[in-house]
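Please open the model in your viewer and keep the selection panel at hand. The tour below moves from one selection to the next and says what is found at each stop.

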Amino acid sequence: MSRLGLGAVLLAGGLSACSPTRLLLPGQRLLSRVKIEGTDQADAARLQTLVQQKPNSTFPLPKVAIYQLGRSFYNRERIQQKLDEDRTKYDQLIKAAATDSAEAGKLLTKRERHTRRHQLALDKGNAIMRLGEAPVIYDSSLTATSVKQLGIFLKSKGFFRSAVAVTDTVLTERFAPFRIFALKSPFHADSQRVTVTYRIQEGPAFHYSQLDYDIADTAIARRVLASQPESQLRVGQQYDEEVIGSERNRIETLLKNQGYFDFREQYITLEADTSFAPTTVRLRTIISKPARGEQHRLYTIRGVNFITDAGLVRFGLQRDTLVRDSVNYLAYKHRFSTRALDRKLLVRPGQPYSLAKTQQTQRQLSSLDMFRFSTLTYRRVRGSEAPADSAKGLLDATVNASPAKKFQETTEFGGTYVAEKVGPFGNVRLKVRNVFGGAEVLEFGVRAGFEGQYNLTGLTQGDVGSRNLRSQLTTQLGANVNLVLPRFLVPWQGGRYFARYNPRTRFNTAYTYVKRPEYTRTNLEGTLDYLWQPSTYAQIVLTPVDVSVIRTASIDPAFRDTLEQLRINQGSPLYRSFDNLFIPSFNATYLYNSNNFTQTLNAQYLRLFVEFGGLTRGLYQKEPLTSYRDDLRSNRLKVYDFGKITVDYRRYYKLTPSTYFVYRLAGGVATALSSTRLTTVNKDGSEAVTETLYLIPYDKSLFAGGSTSVRAWKPRRLGPGSYATTRIPRNSTTPVRDYNTEQPGEVLLEGNVEYRFPIYSFIKGALFTDFGNLWTLRNDPRPGAEFKLNQFYRQFAVGSGIGFRFDFDFLILRLDVATKVYDPSAIGSNWVIRKFSFREDQSAFNLGIGYPF
């Protein structure tokens, strides 16, 4: 027998031995499959979630097989014995410690840790068993409960004449191909497995034929009837109790926003009458009076107190009070400008109570980053202070805000492993709150790091990839200063109109210094930003001033020659990144994100970015510009005009409480708005060449590849189009593939599809496929690099892989392993997955913090 045949037989035998039915006790059966039939209009996916028992999951991991692996060496008696021994041991040690409370405390902690671990193993199995999943034993009582739940759900959706029947088939026909190796039929009936089938008879769906209101309080009736255009109920709609619940919540919120502080959803009843016409419902909305039989009371804010140092106590001292716009600001020592706080306070004396303004005020105060916590509470005015009119009420509002630390320092240290080098890095940030007394935030940041990089001038003759490049550490230093004002800094007074949008003004200055063996480069940037939130999930950033100065302090002659060869032989714009540039621009960003930090919601994300730069360069820059090819650092500052638009859309689908399907689509265009005449010349004036080019600053180009893009390609190394970038090794004339040169482009299209699932405890997994590429917009000497409508869709690069996320709540560490599936620039067959390996020219390992998207 051949080795292949022997291996197949051994595999078949191993899989047979791992059958989960081996774990069943007499009389038990394994739940093999659950089917729901007969759903034409009802939501089948929602019905599936109501089934009390579901079969063991097999995708993406065979969890029952993993459970069985752990079960094979699980000894319950031994674990129980060890638990008893540890308890006895530590009880004796604690008794011996006697009055030594510190020692006894340590022993108690150790006993708790040991016994908790053993008890967990007794309750849920060993670590491998917990990584897997115990076989689901069929329970007929849970099936009966499922029938009831399905019936209730169908009626709640308007299927009043629906019925649910169930059958549990014991003999289950299964296909087991490995039985062939045992000379048996692959089809067989398994009497130890159960298939449960729920058969739904929906019947006709009932729809609203009439919507009535019965509201005893005329003031309430007037407000509710006026809001009918916003109602979620419409004549002709299908009856749905979820929508009815949402309508009750809408009415409650409506009235709370109009002054009805005491109003509760319990006052609202909706009655359905199906007796008038077949398959129709007359729905009546009833709003009752309070139990005491009076009218619902409308509340007005009598006074507002704002305590800015809540939680502090000064015995024998009273808080000082400052009054601004009828609001009392109380503090032992006033550290915050009352004007700054007044802009964030939407609850004002004399106004009706509003739930929306209450919540918005709390969000505004939280966004200031001035207080550890802030709460807004109300007290009813009672007794002799209360008005005589029982239909009206008064509230006293109190804001309790506890100030955060004025100074906050954050230090981060870590390391990277890139290009076979370990590089440490560190960041130090200092935050100063309320620096000028107006709730401003001033931040200073200093960062330093070393990172491994391959020396692109150290090319030797040999194989592709980076294995023959010299690896060296690079130095990266940086500093930034950031000042945030809690208002718009504009020449005119915005009043309180903008306050509801949480306006902020941000000044930022940053300096970056990069020293590599090939070059030394600096970047000084300053921005002025206006930020506001038009809604809970949306944010707009307008940057009217964004100025950068990029200079190359030094450049290695060998690297300069490499850049020149790339420009001449391949038309690469990489050398432009080492020119000295002045980049004035303005931009705007719209961001919508309904997800949270841990990305556990059914949500959407949209980011739109628009930027224009260098529009006024004709006023102060004359052409042709001069570029010294042999001394780039001596070049004068150049200004290019450009436009850039990018779009990033993401959709998060929550399939189950712990599994998600996510996709992302992104694209962008970056282009020069006009041509630039450029003379390239040597320092001595020789070999002058004047060209008319469409140039954009290198840092404004688009890039693809990396841990948040197409992950099977290195960062910024994908593209352009189907062009294969090559290099000529030293002492050789034969070009080889180059996987280490950045590839800027002008058109970007990419997307990602990812399935996320739990593996064990805080360890999550992901299966993903990425696709995309970038192109140039105008004629390009590199074949296949230009974007063409009849070709671009055949030039998408595709990569797939698996990821692991270590979710520590406050921090998410990510490892993604991706391999190329389809490479449009590959020599020979584009389906490079056939040559799968973990070489760097085929696969990539990506480490990161947080989710990729």
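Begin by selecting Arg487, which sits in the loop between strand E17 (470-485) and strand E18 (504-515), in what should be read throughout as a predicted model. With a relative accessible area of 22%, Arg487 counts as partly exposed, because the class called buried ends at under 20%. If you then show its surroundings, leaving aside residues up to four places away in sequence, Arg487 touches Arg343, Glu440, Pro503, Arg504 and Thr505. Glu440, one of these partners, is 47 residues apart from Arg487 in sequence, while their C-alpha atoms are 9.4 Å apart in space.

**The whole chain**

Now zoom out until the whole chain is in view. The C-alpha atoms fill a box of roughly 100 × 90 × 80 Å along the principal axes, and the secondary structure consists of 12 helices and 34 strands. Of the 853 residues, 42% count as buried, and the accessible surface comes to about 44,500 Å², with 55% of that area belonging to carbon and sulfur atoms. Among contacts with a separation of 6 or more, 65% are between residues 24 or more positions apart. Colouring by charge brings up 116 positive and 79 negative side chains, and the centres of these two sets lie 2 Å apart.

**A patch of positive charge**

Which residues gather in a patch of positive charge on the surface? Select Arg78, Lys82, Lys89, Lys106, Lys110, Arg113 and Arg117 to display that patch. Helix H4 (76-97) and helix H5 (101-124) each supply at least two of its residues, and the largest share, four residues, comes from H5. For a closer look at one member, choose Lys89, which lies in helix H4 and is partly exposed, with a relative accessible area of 44%.

**Salt bridges**

The structure holds 41 salt bridges, and a few of them make useful stops. Select Glu37 and Lys35 to see a salt bridge whose closest N and O atoms are 3.9 Å apart; Glu37 is partly exposed at 31% relative accessibility, and Lys35 is also partly exposed, at 24%.

Go on to Glu412 and Arg429, which form a salt bridge with a closest N to O distance of 3.4 Å. Glu412 belongs to strand E14 (residues 407-418) and Arg429 to strand E15, so this pair ties together parts that are 17 residues apart in sequence. On the side of Glu412 the relative accessible area is 33%, which is partly exposed, and Arg429 is likewise partly exposed, at 36%.

The next pair to select is Arg664 with Glu750, where the closest N and O atoms of the salt bridge are 2.9 Å apart. Because Arg664 lies in strand E25 (residues 659-672) and Glu750 in strand E30 (residues 747-760), the pair ties together parts that are 86 residues apart in sequence. Are these two partners buried or exposed? Both Arg664 and Glu750 are buried. From there, select Arg711, Glu754, Arg756, Asp770, Arg805, Arg814 and Asp816, which are joined into one network by salt bridges that share partners.

**Backbone stops**

The last part of the tour concerns the backbone, where most residues other than glycine have a negative phi and most peptide bonds are trans. Select Ser326, in the loop between strand E10 (320-324) and strand E11 (327-331), where phi is positive at about 70° although the residue is not a glycine. Then select Asn434, in the loop between strand E15 (421-433) and strand E16 (441-455), for another positive phi in a residue other than glycine, here near 55°. As for their surroundings, Ser326 is exposed, with a relative accessible area of 53%, whereas Asn434 is buried, at 9%.

Finally, turn to two peptide bonds that precede proline residues. The bond from Glu623 to Pro624 is cis, with omega near 5°, and Pro624 is found in the loop between strand E22 (603-613) and strand E23 (625-628). The bond from Gly719 to Pro720 is also cis, with omega near -5°, and to find Pro720 you should look in the loop between strand E27 (689-693) and strand E28 (726-727).

Notes:
Residues numbered from 1 in each chain as written. Heavy atoms only, no water. Buried < 20%, exposed > 50% of the residue type's maximum accessible area, 1.4 Å probe, protein only. Contact = heavy atoms within 4.5 Å. Areas by Shrake-Rupley, 256 points an atom, 1.4 Å probe, with all protein chains shown as cover. Lys, Arg positive; Asp, Glu negative; His and termini not counted. Charge placed at Lys NZ, Arg CZ, Asp CG, Glu CD. Patch = residues over 30% accessible without salt bridge, like charges linked within 9 Å, V, L, I, M, F, W, Y side chains within 5 Å. Salt bridge = Lys/Arg side-chain N within 4 Å of Asp/Glu carboxyl O.
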